[in-house]
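Welcome aboard, and thanks for taking a look with me. Here are a few points to go through with the structure open beside you.

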Amino acid sequence: MSKLRTAAFLGSFLLLVLTGFGQSGAAAPPSGVPFALARHRAQVLKAIQYELCFHLPADKEKPVSGEEILRFTLGANGESPLPLDFKAASEAVRSLSINGVPSPVRFENEHLLLPAAALRAGTNTVEVAFIAGNPALNRNSEFVYTLLVPDRARTLFPCFDQPDLKAVYRLTLTAPAGWKVMSNAPLLDSTSDGDSCRFRFGLSDRLSTYLFSFVAGRFASTDRIVDGRPMRFLYRETDSTRLRLSIDSIFRIEGQALRFMRDYTGIDYPFRKFDFVAIPDFQFGGMEHAGAIQYKASSLFLDSGATLEQLIGRSNLLSHETAHMWFGDWVTMAWFNDVWMKEVFANFMADKITEYHEGYERGGAWRSSSGEALGVTMPGGNYDLKFLTDHYSAAYSVDRTAGAHPIRQQLDNLQEAGSLYGNIIYHKTPIVMRQLERVMGTDAFRDGLRDYLKIYGGGNATWPDLIRMLQRHTKLDLAAWNAVWVNGAGRPFIDLKGKVEKGRIADLTLTQRGEDGSARIWPQVFSVALVYPHRIDTLTVRMITPVVHLRAAIGREDPQCILLNADGQGYGRFELDGRSVKLLLQDSAKEWSAVSRAATYINFYENMLAAHKISPLRLLEIDRHRLSHEPEELALNILLDQLNSIFWRFLPAEARDSLAPLLENDCWQALSVVRSDNEKKLLFRAYTNILLSPAAQQRIYAIWKDRQPPPGVKLSEDDYTGLAAALALRNYPDYPAILEEQASRIHNKDRLERWLYLQPALSADVAVRDRFFATLQDAKARRKEAWVLSALGYLHHPLRAAASEKYLPATLDWLEDIQRTGDVFFPQSWLQASFGYYRSASAAALVRDFLKAHPGYNPKLKAKILQAADNLFRAEVLTH
Ligand SMILES: [Zn+2]
């Protein structure tokens, strides 16, 4: 059942905007999908049905032709033409007929304008023959997949491309013989005709345009029945070990995710089928096309060397996309400004699903009898630690910068929806929701969500709609909460002042203010630990006022140190107690919980970046010391990330060469001390990330050449590929022979193609790299975004930064074009991969000059530049 909700709060403003194209003969709406046009169409259109046929040729350079029969019911449209979105060249429309009458093609500003005179109140039928645009088709030599989020359906076929005009789809594909296909609806039949095959699908469920999808190509498939539900899985992986170790886990996790979602929401899986596909070098982790989910193949197919982080990542990814079937696909945001809602609940549910995994209590990774990792459970059920490591650093990486933005952002035109995505949407929001759940109580929070899904199921809803549903179940003032957490940017600084009299605490006061100095309060709950030689007292803080006197602390003995945010759930930068550094260095932190240690490491890093009380060299010293003492893999990972970041970004240049052999040695020593294979693998990776001393390089060369890793470390083909690249980046003697031999070792076609693509980016010859970089100006050369990002990582590696800094001006100049032509995460990733490790004053000046020279620059893109350049700006302060 549909609920096309009109946005009452927009009132008269809308009518004014609408009159622009409410007149006969008036100008076409601007390009993209302007908000006003979307509102207008939501009010006049219903019962939309697309009958679509696409002809996919074997040659990926040949055009894809299509035919469409569009049916809809029209209310009062007035005298104005009805704009159908189609972002293509005007010659892409080959014929048009409206209600059986051929019509001239009026094509303006990415809209096909249907003349008012040809339309009627009630049912209309529009027939279009067209050439489908390539941008959303992801055409490869052996497979094709569509990815239409957020506004790319309109590049593929003429449509009403907005999330609140849900429609049903009836699809036919013709594809080369031997290809397999998948779409949102079940396949009805297929008919062979020489070199090609015609596939007919049934009628789909009602879906927003961004969720319509098909995949076609040479794929292998596995069919299973899970909890009585048939599922089909398409993939191109050929490695038998990866297949054997992954397929069972993937189906099992999907089954668990579906079961959990049904139980939590009280609503059965709402669509008619559930299939999924693993796509090589997919540009996202996954995409939640209802009944035909797409996943990045390398995240699903893990081998016996998989780390705990990879196993958790896979479980989270599968659960995330599956949770979207309820949050996003069944109840959909009315407009993409609320895209964060579907993402937060997908992540929020994924965290709960991973926690819920059966066998969870057993702890550690699931292993087969031969010790191979099959799936994941939390070590010691440490859900809090997993949540902390998943989200906090990622959220801070944006929220601490000058490019920080609120969770809920304004969106005037759908063509800019891609710029809303990022770490705030994916990582700050789960933290915020968890805090809300904590403040409201888990049952009240779940009941509010159930109301919301029940009332808006099958239709669309806004964030204020959800707030209304939640407010029914709590006394907390959600409007005030919303203003700072959802409509505000940034994070608090939480300070601590204490007074001790006669060895006992006389006062312990926490104060909260914005890190920017503003007098804002982020209502939240977290804990404070008072650490004593043989015990820890944990006190809960309800920080809902600017100042909290912690009465429960008064009268207790003066502790060895105080850990603010000991449970890791508080959000912000916390004052650090210098005494905690000493305890960590003396290894007297054995009784701290893993999550306390991890939260402390993260807090040290945040304070280091803020140049507050702890220097990069001091933190490096702590991290190095903790490598062989930190027993939790997830916490060890934080230390290694910090080590890598400080080493390449925040040390004076002259310190790097002298420190490298010491750090390499620390990693190698720790590798022999830690127990688990996963930890060994992480340390091995950290070692190869440094790899500056000749001795270390020779060692890695020998490991690569003989394929003999150190005991306990399992290396996959991808790992060896990474080692070959690492040696090339360091100009290891005769590295071209290494690259060539690596190519001969790769048997999977897709992976080999990728490796060959990356070769010029690895070349020691600057001219070769320059030529390669220059090709990226052309959008066509950037189509394989995952490959481009790997290449950029090599081009801009710190060891090559001096020669590559000259690429930075073009990197910024092309950004608007990259946003126009690329997928949603690409502008951000493009900037990160390019600017991520620069530290020179000249690079920082270049960014500032660019922003100065472009005062009217797109504010969302400007924010992304400021986010990507944040470490660069901090390096100026920290290293000089
Ligand atoms: Zn998602």
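1. Let's start at Pro150, which is found in the loop between strand E9 (143-145) and helix H3 (153-156); helices (H or I, at least four residues) and strands (E, at least two) are DSSP runs, numbered from the N terminus. The peptide bond from Val149 to Pro150 is cis, and its omega is near -10 degrees.

2. A word on the source: this is a predicted model, in which local features need pLDDT of at least 70 and side-chain atom pairs count only at pLDDT 80 or more, while totals for chains, interfaces and linings use all residues. Residues are numbered from 1 along each chain as its sequence is written, and side-chain values use heavy atoms, with hydrogens and water left out.

3. Next, have a look at Asp227, in the loop between strand E15 (220-226) and strand E16 (229-235). Although Asp227 is not a glycine, its phi is positive, about 50 degrees. Most residues other than glycine have a negative phi.

4. Lys502 also deserves a visit: it lies in the loop between strand E24 (492-501) and strand E25 (504-514). Its phi is near 50 degrees, a positive value in a residue other than glycine.

5. Finally, the interior. The largest nonpolar core (buried Ala, Val, Leu, Ile, Met, Phe, Trp, Tyr and Cys residues joined through side-chain atoms within 4.5 Å; buried means under 20% relative accessible area, with a 1.4 Å probe and protein chains only) has 277 residues. Helix H16 (residues 633-650) gives the largest share of this core, 11 residues. A second, separate core of 18 residues includes Ile505 and Met543.

Terms used. Buried means under 20% relative accessible area, exposed over 50%, partly exposed in between (1.4 Å probe, protein chains only).
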